[in-house]
Amino acid sequence: MADVSYLPYLQMFVFFSGAVTLWELYLDMRQMKKNKETSPPEEIKDLVPLDRFTKSQTYNVDKRKFSIVSSLINLASNVFEVVYLWPILWELARTLVGENEYYRSIVWQIMTSFVSMPISIPMGLYSDFVVEARHGFNKKTLSLFVTDTIKNLALSIVFTSILIPVVIWVIHWGGEHFYVYIWAVCQCLIFVFMFLYPTLIMPLFNKYEKLHDDKLREEIEQLASGLEYPLSKLFQMDGSKRSAHSNAFMFGFWKNKRIVLFDTLLQITATLTKDAEQELGIEFEVVKGKGIKLTALKGGETTAGKWNEVHVGRNDELKVGDIVVDIGLEAGKLSRKEVAEGETDDKDISEKVAEEVKKLTEAGSKGPLNLILERKPYSNDEILAILCHEIGHWFHAHVLRMLIISSVHIFVIFRLYAFSMNSAGLLMSFGFAADEKAVMVSLSIFMLMFTPVETVVGFFMTVLTRMNEYQADDFAVKQKRSAELGAGLRKLCVENLGDLNPDPLYAWFHHSHPGLVERLQNMKQKDILINGEQKKTN
Ligand SMILES: [Zn+2]
């Protein structure tokens, strides 16, 4: 490794970043071309109605356009930040807190995360309130966006201030073989974080409640015990507060597993945000003890009409005859909970719903109103099949396997960093003093140079994740749930406007999940292979 210290590192970094961005742009363009096609591919024709296909296409074109623009902006701002701002901020940190490496590194890291905010915040706003909102997915209010941003910032300051001193101390203390110690510390930190994240951090952003639906809870508990899955807690989460995308996930150690279902899997919520001049566009009658029944809906410029225009064909499109069983005055704050807690009784719910909807029909009134429908978005069997797939991930120890891979990955990073940490050439290329001994500076520069390798590693992880998805699907097939899983996946794909016309190269590089068509075909084949024999004998 004698002469490497005189390579043109900075130019290499700019070249690599540019090359990675170009590659992703090329993939985005290919995918966008596929999303501009107007007729669906043969294999999707029977699965998804044409109007849903068209909706999914326009949503994905919008997303690609945004992705192309934002990756160019990111490249420019990233290069500017590294080339010009890093050394300047490092000096500024010294003027602020002095030579002490610990304080100076913390301040430097916090400042570097602040300087990217004038770009990342407007981009986040545009993504949520323009791109997602245009297709009826964004449920965030501006105030939720602001509080989310502040919470995230506070968390990152807290973690930076705790982790940076640990890393610096271990690397200095560890001497020649520091990479072994820092690797061990990272493993511990990952376990601590895996424990803290769901118990302390996620509740800062969402509300977790016991699953309301008793019948579904019983069925899930039966499923879990039948598969010997150590389910300790079952929650529903107010995912609808931020987005209409639906999901389920599980977490926890060994014998203490938890399942979380997004409320978007469990209930249909229509969010009517009325302007003062707008007409609500809903007529209804009270159904005693239950809620209200929609007896007429107006289209055009009314609030209900606008909602239906965006949500046409989706499960949250309002229909005449729909029963609204509950309301939420702000997302996530549902009156059903009050009912369950006995603050009001069941009889009142119909009057309560009617009262709130009526308020919005009055002239000059405005505001958001969540209508929760009686119709369910997914059948219990579909939810059970989706959970069976999730339990398949546990059965095949996918999380553990990924942890082992990331553990090797972290070791390799620090081992290679050990070679480069005192390279004067590397430090000087990025505008730092040749004898700069600060760990965070050399580590940050090393990680920049490592970006191309990380891109390749990320790609292999994507391929592996896709293989795991097939394995989890096969697990559900073995439990004879392929039909319900297929139906559930199709709904998930249609409701979330998943990409129905993927470009093969784009999907190969980016998609962590196989396409809907591939998954359905795989399940069909495996069903014959695994269950075919049994079907004959039964
Ligand atoms: Zn999965």
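Two residues are in contact if their C-beta atoms, placed from the backbone, lie within 7 Å. By that criterion, 26 residues of domain 1 touch 18 residues of domain 2 in this predicted model.

The domains themselves come next. Domain 1 is built from two segments, 3-201 and 397-521. Domain 2 also has two, 206-265 and 380-395. Domain 3 is the single stretch 269-373. Between domain 1 and domain 2, the C-alpha centres are 27 Å apart.

Which elements of domain 1 give two or more residues to the side that touches domain 2? They are helix H14 (398-420), helix H17 (451-478) and helix H18 (482-495). H18 supplies the largest share, with seven residues. The chemistry of this side of domain 1 is mixed: ten residues are nonpolar, eight are polar and eight are charged.

Now take helix H4, residues 101-115. Does its length come out as expected, or not? With 15 residues at 1.5 Å a residue, H4 should span 21 Å. The C-alpha atoms at its ends are 21 Å apart, so the model agrees with the expectation. A run within H4 is buried: Arg104, Ser105, Ile106, Val107, Trp108 and Gln109. The buried residues of H4 pack against three helices, namely H3 (50-97), H6 (142-173) and H16 (439-449).

Turn to the strands. Four of them form an open sheet, ordered E1-E2-E4-E3, with mixed pairing. Why do E1 and E3 each have one side without a neighbour in the sheet? Strand E1 (208-210) and strand E3 (248-251) stand at the edges, and each has a single partner strand, so one side of each stays free of a neighbour in the sheet. On average, neighbouring strands here are turned by 35 degrees against each other, direction ignored.

Inside that order, strand E2 (231-237) pairs with strand E4 (257-262). The two are parallel and share six bridges. Phenylalanine 235 faces valine 260 of E4 across this pairing.

A hairpin follows further along the chain. Strand E6 (282-287) and strand E7 (291-297) run antiparallel, joined by six bridges. Glutamate 283 stands opposite alanine 296 in E7. Three residues lie between E6 and E7. In that turn, glycine 289 has a positive phi of about 75 degrees.

How values were computed
Residues numbered from 1 in each chain as written. Predicted model: local features only at pLDDT ≥ 70, side-chain atom pairs only at ≥ 80, totals over all residues. Domains from an automatic or database assignment. Helix = DSSP H or I, 4+ residues; strand = E, 2+ residues; numbered from the N terminus. Nonpolar A, V, L, I, M, F, W, Y, C, P; charged D, E, K, R; others polar. Expected span 1.5 Å × (residues − 1). Buried ≥ 20, exposed ≤ 12 C-beta atoms within 10 Å, placed from the backbone. Pairing = 2+ DSSP bridges. Axes fitted to C-alpha atoms, helices over the stretch in contact; angles between N-to-C directions.
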